[in-house]
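User: Hi! I keep meeting words such as "buried", "oblique" and "salt bridge" when I read about proteins. Could we go through one example together and see where such labels come from?

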Amino acid sequence: MTLANAHALFCGLKSQPSYLANLTIEEDERTGLMKARSEIRATLKAAAAGIITHDEYWQGAYSSRNWRARPTIEVKFMTQGSFAYGTINAPAQKPHQEIDLDDGMYVPVEFLSNGEPALAAKGLFGFVETALTDLCKKNNWKLAEKPNCVRVKLWPGAHIDIPIYSIPRERFAAIREALEKSHTATFAARDSVTTSWRLPSDKIMLAQRDGTWVQSDPQQLHDWVVSRSDRYGAVYKRLCRFFKGWRDYIWLKSPLSSLCIMCAVDQALQKLNGFPTEDRDDALILKIAKELPDLFNGKIQNPVLNHLCINEWSEEDRYSIVSAARELRDEMSSALERTGDAELVVKKLRNKFGQRMPYRPDSVKMASKIAAVQTAIPATVAAPRVIASTSG
């Protein structure tokens with residue numbers, strides 16, 4: 001039990017937006033992102049038919065073939081990342097921070113004997129950027145170079161990233177056939193088909209701008225996030241969003257990734273006795289905040305690629321992140337455990353989460369005086385005085 005209960009400020013207000021509501025992107029921005037995604041997808045799908053005619057898009061024996069002897073290409077898309085997870089936040093510091101929609105482009109293609117796709121990674125970057133040039137001019141969008149995706153900057157504060165994946169054509173055909181047969185089946189049956197026909201992760205390759213291909217399966221990470229939500233309930237994604245909101249308020253730009261935050265929240269929740277409740281998000285934030293300094297100061301591994309450490313920061317960055325986590329811990333503890341004034345509780349929370357935290361002291365519930373004393377001064381029993389005795 002804490003002295004102050006600020007759950008309503010985080011996600012329980014009804015008469016005005018809570019912190020969670022203030023983290024949510026505006027509906028017109030969501031609509032704009034969906035419209036842009038649709039236009040980008042349609043443009044790339046239409047242009048994909050021309051891939052077979054360009055020698056520079058191919059590698060190996062396929063690059064020297066007559067274009068009529070090459071296989072036709074179609075592309076598919078799957079949104080991934082925070083937009084797909086349901087953990088997307090509006091930026092805290094616009095326009096320097098941006099809404100990021102990741103929309104993976106999947107290209108079913110034959111593979112060469114060396115295990116690489118017949119399509120050239122660098123060529124596919126060229127294909128995407130060439131195909132989108134006119135659309136970008138029409139909408140006043142800008143293309144930006146990134147090492148593992150094509151970025152389309154839509155308006156100040158929003159962009160769409162297009163990572164490019166290759167998958168074996170024969171496996172894709174089998175998946176599509178199975179899914180088409182499942183359209184008339186029950187939801188459970190469709191889910192079963194989707195799972196049973198999922199590609200092995202080592203068959204999904206991500207194109208790099210430098211011309212190389214690397215194994216990468218975003219679906220694995222998506223499944224991990226779903227498994228965390230299944231384990232902890234809806235509160236898990238809320239907690240991730242709260243801590244992402246803290247990060248974005250504290251730093252304009254930070255190497256503390258969203259994945260690192262999600263892993264840290266998971267590890268902190270694992271230390272709870274039982275499962276988290278849905279009615280005290282503030283208390284859960286406090287418990288997690290108490291764990292963050294040690295978690296960030298240690299090693300946090302990628303949850304699906306266990307050999308990768310996702311917090312290999314410089315000494316300077318580590319010091320900054322761990323120090324900020326300690327400050328968050330101390331301010332949360334002061335606000336909820338040692339502050340008997342509701343207005344001061346709100347001010348302390350705003351110190352770490354920013355002005356998107358509602359200024360509603362009337363929504364903070366304070367414990368009774370007796371409970372407050374018990375909370376502020378932990379009950380202890382003095383050790384009994386031991387008197388020396390000569391008895392045996």
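Analyst: Happy to help; below we take some labels one by one and set each against its cut-off. Please keep in mind that this is a predicted model. To set the scene, the protein has 14 helices and 10 strands, and 48% of its 392 residues count as buried.

User: Let's start with helices. Why are H3 and H5 called oblique to each other?

Analyst: Helix H3 covers residues 27-47 and helix H5 residues 121-139, and the two pack at an angle of about 135 degrees. Roughly perpendicular would need 65 to 115 degrees, and roughly antiparallel would need over 145. An angle of about 135 degrees fits neither label, so H3 and H5 are oblique. Their axes lie 10 Å apart, and the crossing is right-handed.

User: Which residues meet where H3 packs on H5?

Analyst: From H3 come Glu39, Ile40, Thr43, Leu44 and Ala47, and from H5 come Phe127, Val128, Ala131, Leu132, Leu135 and Asn139. Sorted by class, this contact has eight nonpolar, two polar and one charged residues.

User: And what makes H9 and H13 roughly perpendicular?

Analyst: Here the angle is about 75 degrees, with axes 7 Å apart. The range for roughly perpendicular is 65 to 115 degrees, and 75 falls inside that range, so the label fits H9 and H13. On the H9 side the contact is made by Phe242, Trp246, Tyr249 and Ile250, and on the H13 side by Arg350, Asn351, Lys352 and Phe353. The classes here are five nonpolar, one polar and two charged residues.

User: How do you know that Arg169 and Glu110 form a salt bridge?

Analyst: The limit is 4 Å between a side-chain nitrogen of Lys or Arg and a carboxyl oxygen of Asp or Glu. The closest N and O atoms of Arg169 and Glu110 are 2.7 Å apart, which is within that limit. Arg169 belongs to helix H6, while Glu110 sits in the loop between strand S3 and H5, so the pair ties together parts that are 59 residues apart in sequence. The whole structure has 20 salt bridges.

User: Why are Arg169 and Glu110 called partly exposed?

Analyst: Buried means under 20% relative accessible area, and exposed means over 50%. Arg169 has 23% and Glu110 has 22%. Both values lie between the two cut-offs, so both residues count as partly exposed.

User: What about the two partners Glu278 and Arg238: is each one buried or partly exposed?

Analyst: Glu278 has a relative accessible area of 39%, so this residue counts as partly exposed. Arg238 has 14%, which is under the 20% cut-off, so Arg238 counts as buried. Their side chains meet in a salt bridge with an N to O distance of 2.8 Å. Glu278 is in the loop between helix H10 and helix H11, and Arg238 is in helix H9, 40 residues away in sequence. Arg238 and Glu278 also belong to a salt-bridge network with Asp281.

User: How do you know that Asp248 and Arg247 are buried?

Analyst: Asp248 has 14% and Arg247 has 11%. Both values are under 20%, so both residues are buried. They too form a salt bridge, the closest N and O atoms being 2.9 Å apart.

User: Why is Glu29 called buried, and which residues does Glu29 contact?

Analyst: The relative accessible area of Glu29 is 11%, and that is under 20%, so the label is buried. Glu29 is in helix H3. Apart from neighbours within four places in sequence, Glu29 contacts Lys94, Ile99 and Trp155.

User: Lys94 is followed by Pro95. What is the peptide bond between them?

Analyst: That bond is cis, with omega near -5 degrees. Pro95 lies in the loop between helix H4 and S3. As background, most peptide bonds are trans.

User: One more: what makes Asn140 exposed?

Analyst: Asn140 has 56% relative accessibility, which is over the 50% cut-off, so Asn140 counts as exposed. Asn140 is in the loop between H5 and strand S4. Its phi is near 60 degrees, a positive value in a residue other than glycine. Most residues other than glycine have a negative phi.

Conventions
Residues numbered from 1 in each chain as written. Predicted model: local features only at pLDDT ≥ 70, side-chain atom pairs only at ≥ 80, totals over all residues. Heavy atoms only, no water. Axes fitted to C-alpha atoms, helices over the stretch in contact; angles between N-to-C directions. Helix = DSSP H or I, 4+ residues; strand = E, 2+ residues; numbered from the N terminus. Parallel < 35°, antiparallel > 145°, perpendicular 65-115°, else oblique. Left-handed = near helix turned anticlockwise from the far one by under 90°. Contact = heavy atoms within 4.5 Å. Nonpolar A, V, L, I, M, F, W, Y, C, P; charged D, E, K, R; others polar. Buried < 20%, exposed > 50% of the residue type's maximum accessible area, 1.4 Å probe, protein only.
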